[in-house]
Amino acid sequence: MLIIDTALQKRQREGRPIRVGMVGAGFMARGVARQICCYVPGMELVAIANRTPEKARAIYAEAGVLEVAEVASVAQLEASLAQGRPAITADALLLSRAAGIDAIIEVTGAVEHGAHVVLEAIRHAKHVVLLNAELDGTVGPILKVYADRAGVVYTVADGDQPGVTLNLARFVKGLGIRPVLCGNIKGLHDPYRNPTTQEGFARQWGQNPSMVTSFADGSKISFEQAVTANALGMQVARRGMLGPTVAPGTPITKAAEWYPQELLLSGGPGIVDYVVGAEPGPGVFVLGTIEDAVQQHYLKLYKLGAGPLYCFYTPYHLCHFETPTTVARAVLFQDAALAPAGPMCVEVVTAAKINLHAGQVLDGIGHYHTYGLAENADITRRENLLPLGVAEGCILRHDVPQDQVLTYDDVLLPEGRLIDQLRREQALYFGEAVISHGPPVSEPMA
């Protein structure tokens with residue numbers, strides 16, 4: 001952070017601010033806009049795209065930016081940027097295509113729409129920062145391939161728990177300690193929550209009920225831990241993760257007691273997981289180990305315990321406050337906070353939240369029909385399981401009982417979706433078995 005703030009101040013003095021476009025105008029986007037516009041020298045939010053432009057206008061107004069232009073073409077957007085006037089638009093792809101924008105922040109949480117925005121941004125040589133773990137957890141590896149070939153950075157944001165976890169894991173690795181578990185601290189986990197049960201909480205905080213539901217029903221934690229695993233080459237101990245529940249207020253420093261040490265010390269790739277009830281929440285933690293007896297002595301002196309597992313934690317994640325840091329890391333230092341290291345290690349698969357019936361069209365993440373479970377990618381492929389990121393809009397071929405995990409054989413896919421095309425490209429690129437559903441792809445576009 002000290003290097004980044006100095007670099008941003010230099011850009012401010014030179015009159016060369018980083019120019020950012022943002023797609024989305026919801027709860028989190030509101031915070032990002034305020035942060036950039038009010039508190040980050042050397043960076044400008046030059047455009048916001050949202051299906052309802054007036055929401056983008058309102059976000060700018062709350063951040064003290066009153067003079068904005070509504071545009072409907074790339075030419076209009078570029079002209080507005082050349083005049084130094086921020087722009088709003090209903091067409092997100094304009095931001096991806098326009099000159100004069102260095103990076104795109106995608107903050108919708110929508111998988112299909114987000115895929116179009118990100119792919120178009122990469123094609124036009126823009127760095128991409130995601131507050132959309134759902135997209136990265138579905139097609140992140142192939143999007144990273146596209147970004148690498150275009151010479152741009154593709155990254156999940158600092159501030160979101162996966163980004164905070166990766167920062168912590170990199171710190172732990174830098175000490176010479178091997179991370180064996182990357183964890184997330186939760187206050188609630190109930191797979192049967194839905195937008196009706198979460199409506200009151202959502203209204204209290206000005207959030208979307210379906211987004212709040214995705215936190216409560218486990219879908220969001222599954223995506224967050226999947227993208228963490230895919231960045232570090234880790235796995236899950238079992239479908240859905242272990243997810244112990246501890247007495248409220250139990251310190252996270254006791255985390256080594258909650259997971260099987262024989263698994264963590266086996267020399268394997270390590271696991272991702274979570275805990276419900278520990279403090280400080282909603283932070284993140286890393287369990288690590290080191291075999292050097294001298295360093296073990298020092299760690300004991302520094303109150304990390306006797307080992308062989310040592311707990312490191314970050315007691316908070318500050319979401320939109322930290323997003324501009326990710327933008328600066330990407331644009332100024334070509335450094336990703338978090339990105340897939342290769343093929344999928346962990347996927348998020350689809351489970352029935354209620355008894356589902358033939359002919360039903362599945363609703364979206366955090367709604368009434370489904371919830372997500374983290375599963376190792378090799379099992380997902382072997383059992384032909386349906387990723388949650390592609391489930392929305394699928395039509396059920398037959399009845400599915402509550403809590404059963406869906407497969408591709410259980411559904412009909414909508415036609416013509418980019419997300420399905422990217423899934424097939426991803427499988428082909430990384431030499432995985434390609435699902436038999438949907439139109440064939442002869443070779444990866446990447």
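**Salt bridges, sheets and cores**

Arg417 and Asp420 are joined by a salt bridge in which the closest N and O atoms are 2.8 Å apart. Both of these residues are buried. The model is predicted. Its architecture includes a parallel open sheet of seven strands and a mixed open sheet of four, and its largest nonpolar core holds 84 residues.

**Salt bridges**

- The count of salt bridges comes to 20.
- One of them pairs Glu62 with Arg30, with 2.6 Å between the closest N and O atoms. Because Glu62 belongs to helix α3 (residues 53-62) and Arg30 to helix α2, this pair ties together parts of the chain that lie 32 residues apart in sequence.
- Are the two partners buried, partly exposed or exposed? Glu62 has a relative accessibility of 40%, so it counts as partly exposed. Arg30 has 43% and therefore also counts as partly exposed.
- Arg239 and Glu375 meet through their side chains in a salt bridge, at 2.6 Å from N to O. This pair links distant parts of the chain, 136 residues apart: Arg239 sits in the loop between α11 (219-232) and α12 (261-264), and Glu375 in strand β13 (residues 370-376).
- Arg239 has a relative accessible area of 31% and is therefore partly exposed. Glu375 has a relative accessible area of 2%, so it counts as buried, the cut-off for buried being under 20%.
- Asp158, Arg170, Arg329 and Asp335 are joined into one network by salt bridges that share partners.

**The seven-strand sheet**

- The strand order in this open sheet is β3-β4-β2-β1-β5-β6-β7, and the pairing is parallel. Strands β3 (69-70) and β7 (154-156) each have a single partner strand, so one side of each is left without a neighbour in the sheet.
- Strand β1 (residues 18-23) runs parallel to β2 and is joined to β2 by six bridges. Within this pairing, Gly21 stands opposite Ala47 of β2.
- Strand β2 also runs parallel to β4 (residues 87-89), with three bridges between them. Ile48 has Ile88 in β4 as its bridge partner, and Ala49 has Thr89 in β4.
- How many of the seven residues of β2 (residues 43-49) are buried? Six are, which leaves the strand mostly covered.
- A right-handed β-α-β unit is made by β1, helix α2 (residues 27-39) and β2. Helix α2 lies across β1, β2 and β5 (103-106), and runs at about 150° to β2.

**The four-strand sheet**

- This open sheet has the order β9-β8-β10-β11, and its pairing is mixed. Its edge strands are β9 (271-276) and β11 (310-314), each of which pairs on one side only.
- Neighbouring strands here are turned against each other by 25° on average, with direction ignored.
- Strands β10 (residues 284-289) and β11 run antiparallel and are joined by five bridges. Val286 stands opposite Phe312 in β11.
- Which helix packs on this sheet? Helix α8 (residues 161-174) does, touching β8 (178-186), β10 and β11. The direction of α8 makes about 25° with that of β10.

**Nonpolar cores**

- In soluble globular proteins, nonpolar side chains tend to be buried together.
- In the largest core, of 84 residues, Leu77, Leu135 and Leu422 touch the most other members. Helix α7 (residues 133-150) gives the most to this core, with eight residues.
- With neighbours within four places in sequence left aside, Leu135 is in contact with Val111, Gly114, Ala115, Val118, Leu130, Gly140, Leu143 and Ile419.
- Another core, of 29 residues, lies apart from the largest one. Among its members are Val20, Ala25, Ala33 and Ile105.

**Helix α14**

- Helix α14 (residues 323-333) is mostly covered, with nine of its eleven residues buried.
- The buried residues of α14 include Thr323, Pro324, Thr325 and Thr326. Val327, Ala328, Arg329, Ala330 and Val331 of α14 are buried too.
- The residue following α14 is Gln334, and its phi is positive, near 50°.

Technical notes:
Residues are numbered from 1 along each chain as its sequence is written. This is a predicted model: local features need pLDDT of at least 70, side-chain atom pairs count only at pLDDT 80 or more; totals for chains, interfaces and linings use all residues. Side-chain values use heavy atoms; hydrogens and water are left out. Buried means under 20% relative accessible area, exposed over 50%, partly exposed in between (1.4 Å probe, protein chains only). Helices (H or I, at least four residues) and strands (E, at least two) are DSSP runs, numbered from the N terminus. Two strands pair if DSSP finds at least two bridges between them. A crossover is right-handed if, with the strands pointing away from the viewer, the path from the first strand over the helix to the second runs clockwise. A salt bridge is a side-chain nitrogen of Lys or Arg within 4 Å of a carboxyl oxygen of Asp or Glu. Axes are lines fitted to C-alpha atoms, for helices over the stretch in contact, and angles run from 0 to 180 degrees between N-to-C directions. Contact means heavy atoms within 4.5 Å. A nonpolar core is a set of buried Ala, Val, Leu, Ile, Met, Phe, Trp, Tyr and Cys residues joined through side-chain atoms within 4.5 Å.
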